[in-house]
Amino acid sequence: MTIELHTWNTPNGRKISVALEEMGLPYKVFPINISKGEQMAPDFIAISPNNKIPAIVDPDGPGGKRVSVFESGAILLYLGEKTGKFLPMPLIERIPVYEWLMWQMGGFGPMPGQVHHFIALENEADRAYGLKRYMAETVRLYGVLDRRLAGNEFVAGPLSVADFAILGWAWRHPRHKVELKDFPHVERWYNTLMARPATKRGMEAKLD
């Protein structure tokens, strides 16, 4: 049964295409052009009440019933539960997956996202304060990630959905004005993931 991926070519969209490829799940992309406001269409809001991409529709959900899931973190956890992949069963092993997934959702996404916003402003006065504030926090978060990866191959130990979530945003490091060479453990982790064939397919999948 093919999963419907309703998305656009953004970091949050890439999280899910990478996860689907890594988990070996068949899927079909339904582009939602957010620059044209397609995320406000009633049909999309029916599966994503917050009118944000991505969202999925799984025709073979729990009990064989069709189910929709919105919010990228929830989608990753759902797919991990569905497949039993990249989400360990023992609770003690899940704790770091939950921690680093929430770290991404609460910080390493919203903060670089603000950098994206302020970089795009034309008025220098409007740009200056926002860029100073959010670039500093973005760099701090890269440092947190670098320290974590100094002693771990992946953020939660074994490769997990938390890595896919963080990778979606690390992929945009040039737009964050961050040089990965300044964070050698992040650079090693990033290059390791991007060399995986399934991750590469997920990053190259046409989402727009």
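**A walk from glutamate 21 to the largest pocket**

Setting aside neighbours within four places in sequence, glutamate 21 is in contact with Tyr27, Ala198, Arg201 and Gly202. Keep in mind that this is a predicted model. Glutamate 21 itself sits in helix H1. Two of those contacts can be pinned down at the side-chain level. With the side chain of tyrosine 27, the glutamate 21 side chain makes a polar contact at 2.9 Å. With the side chain of arginine 201, the glutamate 21 side chain makes another polar contact, this time at 3.0 Å. For a sense of scale, take arginine 66: 45 residues separate it from glutamate 21 in sequence, and the C-alpha to C-alpha distance between the two is 21 Å.

Helix H1 also leads us to the largest pocket, since H1 gives three residues to the lining, the most of any element. How much space lies in the largest pocket? The figure is about 580 Å³. There are 24 residues lining this pocket, and the closest to its centre are Thr10, Asn12, Lys52, Ile53 and Trp169. Helix H1 (11-23), helix H4 (91-106) and helix H5 (110-119) are the elements that give two or more residues to the lining. Sort the lining by class and you get eight nonpolar, 11 polar and five charged residues.

Ile53, one of the residues closest to the pocket centre, is worth a second look for its backbone. A cis peptide bond joins isoleucine 53 to proline 54, with omega at about 0 degrees. Proline 54 belongs to the loop between helix H2 (42-45) and strand S3 (55-58). Asparagine 51 is in the loop between H2 and S3 too, and its backbone has a quirk of its own: phi is positive, about 45 degrees, although asparagine 51 is not a glycine.

Now over to helix H5, one of the elements in the pocket lining. Methionine 111 is found in this helix. Leave out residues up to four places away in sequence, and methionine 111 touches Tyr134, Glu137, Thr138 and Leu141. Alanine 136 is 25 residues from methionine 111 in sequence, while their C-alpha atoms are 9.3 Å apart in space.

Next comes a pair of helices. Two packed helices are described by the angle between their axes and the distance between the axes. For helix H6 (residues 124-150) and helix H8 (residues 184-194), the axes come within 7 Å of each other and cross at roughly 75 degrees. Since angles of 65 to 115 degrees count as roughly perpendicular, that makes H6 roughly perpendicular to H8. Which residues meet in this pair? From H6 come Tyr142, Leu145, Asp146, Leu149 and Ala150, and they meet Pro184, His185, Val186, Arg188 and Trp189 in H8. By class, this contact of H6 with H8 has seven nonpolar, one polar and two charged residues.

Terms used:
Residues are numbered from 1 along each chain as its sequence is written. This is a predicted model: local features need pLDDT of at least 70, side-chain atom pairs count only at pLDDT 80 or more; totals for chains, interfaces and linings use all residues. Side-chain values use heavy atoms; hydrogens and water are left out. Axes are lines fitted to C-alpha atoms, for helices over the stretch in contact, and angles run from 0 to 180 degrees between N-to-C directions. Helices (H or I, at least four residues) and strands (E, at least two) are DSSP runs, numbered from the N terminus. Angles under 35 degrees count as roughly parallel, over 145 as roughly antiparallel, 65 to 115 as roughly perpendicular and the rest as oblique. Contact means heavy atoms within 4.5 Å. Ala, Val, Leu, Ile, Met, Phe, Trp, Tyr, Cys and Pro count as nonpolar, Asp, Glu, Lys and Arg as charged, and the others, Gly among them, as polar. On a 1 Å grid over the protein atoms alone, a cavity is a set of points where a 1.4 Å probe fits but cannot get out, and a pocket is an open set with protein on both sides within 12 Å along at least five of seven lines; lining residues have an atom within 4 Å of a point. Grid points are joined across faces, edges and corners, and a volume is the space filled by probe spheres set on the points. A polar contact is a pair of N or O atoms within 3.5 Å; within protein, one must be able to donate a hydrogen and the other to accept it, and residues adjacent in sequence count only if both atoms are side-chain atoms.
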